[in-house]
Amino acid sequence: MGFFTDTSVCIGCKACEVACKEWNLLPSDAPFELTGMSFDNTEQLSGSTWRHVAFIEQRKPVKAPDGAGDQGQGSGDQGSGDLRWLMASDVCKHCTDAACLDVCPTGSLFRTEFGTVVVQQDICNGCGYCVSACPYGVIDKREEDGRVFKCTLCYDRQVDGLTPACAKACPTESIQYGPVDELLQRAAARLQELRQDGVADARLYGHDPADGVRGNGAFFLLLDEPEVYGLPPAPKVTTRDLPSMWRHAAVAALTLACGIAAAFATARR
């Protein structure tokens, strides 16, 4: 099970942020301050914000459909404009190859029967290895608490057959929840629809099982490059080189031990 987030219909209402905080009893991001980055007050995902709606203002030509009138401001041309807002609700990606799982020493992070990745706070020791291992910068530690937190894809609701709070609250169905295979089909159809409507920059992100994390349980339809949304363009599981690193370390240790043994043997002679 997973999320498909269609940013082309996100209206930036932040209902998903509020629903996530209310259901999961997350603390507020006090003090409440606008960041100066458009209408954003949460700025990024954190230990207390598991859904973050980004507002991106762009000066970029926007063409309106025939007869739709002016879609922007500042150009002076009927039917075109140069200002657009991109809005997108970000969340944990629930990677297929999840580096956070690989580095957790206590087993606090586990893969659920739904294919999602969840933190068990009662056995988290606050080491923070998963924070640095996540290629998306999703997992965060609450300094006042000492433990790490992130989206659980509402695991407690899933086990009762309920829709996650954020998807349930989304008024435009920008956030869709369901079996990942079905969501991928919907995403492909939606992408084709937008391309046919002339949205050449539309693209899917996090959907490809051949990418650096073997695909995500939460993927997105974007209207620009991933970097515009603060997403890494080519994420890779950060633990992919661990096996070879351990092999090289073992060889180096064995070589050192042999060298020390040879030195002792020579000294005795």
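## The chain at a glance

Let's start with the whole chain: it has 269 residues, and 43% of them count as buried. Keep in mind that this is a predicted model. Along the chain you'll find 7 helices and 10 strands. Take the contacts between residues at least 6 apart in sequence: 60% of those join residues at least 24 apart.

## A four-stranded sheet

Now for the sheet. It is an open one, built from 4 strands in the order E8-E1-E10-E9, with mixed pairing. Strands E8 (175-178) and E9 (203-205) are at the edges with a single partner strand each, so one side of each has no neighbour in the sheet. Going from one strand to the next, the twist averages 20°. Helix H6 (residues 180-196) packs on this sheet and touches E1, E8, E9 and E10. The direction of H6 makes about 5° with that of E10.

How do the strands line up? E1 (residues 2-6) and E10 (residues 218-222) run parallel and are joined by 4 bridges. Phenylalanine 3 stands opposite alanine 218 in E10, while phenylalanine 4 has phenylalanine 219 of E10 as its bridge partner. With E8, strand E1 pairs in the antiparallel sense, over 4 bridges. There, threonine 5 has isoleucine 175 as its bridge partner.

## Strand E1, covered on both faces

Is E1 buried or exposed? Of its 5 residues, 5 are buried, so the rest of the structure largely encloses this strand. You can check that face by face: Gly2, Phe4 and Asp6 are buried on one side, and Phe3 and Thr5 are buried on the other.

## The nonpolar core

In soluble globular proteins, nonpolar side chains tend to be buried together. Here, the largest nonpolar core holds 58 residues, and Phe3, Leu221 and Tyr229 touch the most other members. Strand E10 supplies the largest share of this core, with 5 residues.

Zoom in on leucine 221 and look past the residues up to four places away in sequence: its contacts include Phe4, Thr5 and Asp6, as well as Ala187, Leu191 and Leu194. Leucine 221 also touches Ala202, Arg203 and Leu204.

## Helix H1

Helix H1 covers residues 15-24, and its buried residues are Cys16, Glu17, Ala19, Cys20, Lys21 and Asn24. Right after H1 comes leucine 25, which has a positive phi, near 55°.

## Rings and charges

Searching the whole structure turns up 5 aromatic pairs. One of them is phenylalanine 114 with tyrosine 155, an edge-to-face pair with centres 6.1 Å apart and 75° between the planes. Phenylalanine 114 lies in the loop between strands E4 (109-111) and E5 (117-119), and tyrosine 155 lies in helix H4 (residues 155-158), so the pair ties together parts that are 41 residues apart in sequence.

Why does phenylalanine 114 count as partly exposed? Its relative accessibility is 21%, and "buried" needs a value under 20%. Tyrosine 155 is partly exposed too, with a relative accessible area of 21%. These two rings and Phe110 form one aromatic cluster.

Some rings have a charged neighbour instead. The charged end of arginine 142 sits over the ring of phenylalanine 149, 3.6 Å from its centre. Arginine 157 lies over the face of tryptophan 23, at 4.6 Å from the ring centre.

Conventions:
Residues are numbered from 1 along each chain as its sequence is written. This is a predicted model: local features need pLDDT of at least 70, side-chain atom pairs count only at pLDDT 80 or more; totals for chains, interfaces and linings use all residues. Side-chain values use heavy atoms; hydrogens and water are left out. Two strands pair if DSSP finds at least two bridges between them. Helices (H or I, at least four residues) and strands (E, at least two) are DSSP runs, numbered from the N terminus. Axes are lines fitted to C-alpha atoms, for helices over the stretch in contact, and angles run from 0 to 180 degrees between N-to-C directions. Contact means heavy atoms within 4.5 Å. A nonpolar core is a set of buried Ala, Val, Leu, Ile, Met, Phe, Trp, Tyr and Cys residues joined through side-chain atoms within 4.5 Å. Buried means under 20% relative accessible area, exposed over 50%, partly exposed in between (1.4 Å probe, protein chains only). Rings of Phe, Tyr and Trp (its six-membered ring) pair if their centres lie within 6.5 Å; planes under 30 degrees apart count as stacked, over 60 as edge-to-face and the rest as tilted. A charge sits over a ring if NZ of Lys or CZ of Arg is within 6 Å of the ring centre and within 35 degrees of the ring normal.
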